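Biologist: Mind walking me through this one? I'd like to hear how the pieces fit together.

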Amino acid sequence: MNLDTRNRVMSIVALYRGSVNSSQVRVAEVFRQAVLDNSPAIILSHNHPSGDASPSPDDVVVTKAIAQAGKLMDIDVIDHVIIARGRYVSLKEMGVGFE
């Protein structure tokens, strides 16, 4: 989701469709629409088809890379939310990937 200066949703962008257990993410593509929209902040989200919303080690690594890239571009990564079977996990609340 690309957000405005008051953290209101400007647009929702679907980037990837993964397989049952993985998806490749290119950091630059995550920010493409945010740059075009002149969005100062984004929220990431994805689902876990397994039903377990716990972040994988890869989720943490990609979140950290995206958050670092956001800092360089002055686009705040507010959170990364994982959704699974009616549950969600916020990596920001867990304190992982945003060190």
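Modeller: Sure, and keep in mind that this is a predicted model. One cut-off before we start: angles under 35 degrees count as roughly parallel, over 145 as roughly antiparallel, 65 to 115 as roughly perpendicular, and the rest as oblique.

Biologist: Then how are H1 and H2 oriented to each other?

Modeller: H1 covers residues 27-36 and H2 covers residues 57-73, and their axes run 10 Å apart. The angle between the two helices is about 45 degrees. That value falls in none of the named ranges, so H1 and H2 are oblique to each other.

Biologist: And which hand does the crossing of H1 and H2 have?

Modeller: From H1, the residues involved are Val 27, Val 30, Phe 31 and Val 35. They meet Ala 65, Ile 66, Ala 69, Gly 70 and Met 73 of H2. As for the way H1 passes H2, the crossing is right-handed.

Biologist: How many residues in that contact of H1 with H2 are nonpolar, polar and charged?

Modeller: Gly counts as polar here, and Gly 70 is on the H2 side of the contact. The split for the contact of H1 with H2 comes out as eight nonpolar, one polar and no charged.

Biologist: Which elements give two or more residues to the largest nonpolar core?

Modeller: That core has ten residues, including Val 30, Phe 31, Ile 42, Leu 44, Val 62 and Ile 66. Ile 75 and Val 77 belong to it as well. The elements giving two or more residues are H1, strand S3 (41-47) and H2.

Biologist: Is Ile 75 buried or exposed?

Modeller: Ile 75 sits in the loop between H2 and strand S4 (76-84). Leaving out neighbours up to four places away in sequence, Ile 75 touches Phe 31, Ala 34, Val 35, Ser 39, Pro 40, Ala 41, Ile 42 and Gly 70. Its relative accessible area is 5%, and the cut-off for buried is under 20%, so Ile 75 is buried.

Biologist: What separates the C-alpha atoms of Ile 75 and Ser 39?

Modeller: Along the chain, Ile 75 and Ser 39 are 36 residues apart. Ser 39 is one of the residues in contact with Ile 75. Their C-alpha atoms are separated by 7.1 Å.

Biologist: Last one: what is the relative accessibility of Thr 63?

Modeller: Thr 63 is found in helix H2. Beyond four places in sequence, Thr 63 touches His 80, Leu 91, Val 96, Gly 97 and Phe 98. Thr 63 counts as buried, with a relative accessibility of 0%.

Conventions. Residues are numbered from 1 along each chain as its sequence is written. This is a predicted model: local features need pLDDT of at least 70, side-chain atom pairs count only at pLDDT 80 or more; totals for chains, interfaces and linings use all residues. Side-chain values use heavy atoms; hydrogens and water are left out. Axes are lines fitted to C-alpha atoms, for helices over the stretch in contact, and angles run from 0 to 180 degrees between N-to-C directions. Helices (H or I, at least four residues) and strands (E, at least two) are DSSP runs, numbered from the N terminus. A crossing is left-handed if the near helix is turned anticlockwise from the far one by less than a right angle, and right-handed if clockwise. Contact means heavy atoms within 4.5 Å. A nonpolar core is a set of buried Ala, Val, Leu, Ile, Met, Phe, Trp, Tyr and Cys residues joined through side-chain atoms within 4.5 Å. Buried means under 20% relative accessible area, exposed over 50%, partly exposed in between (1.4 Å probe, protein chains only).
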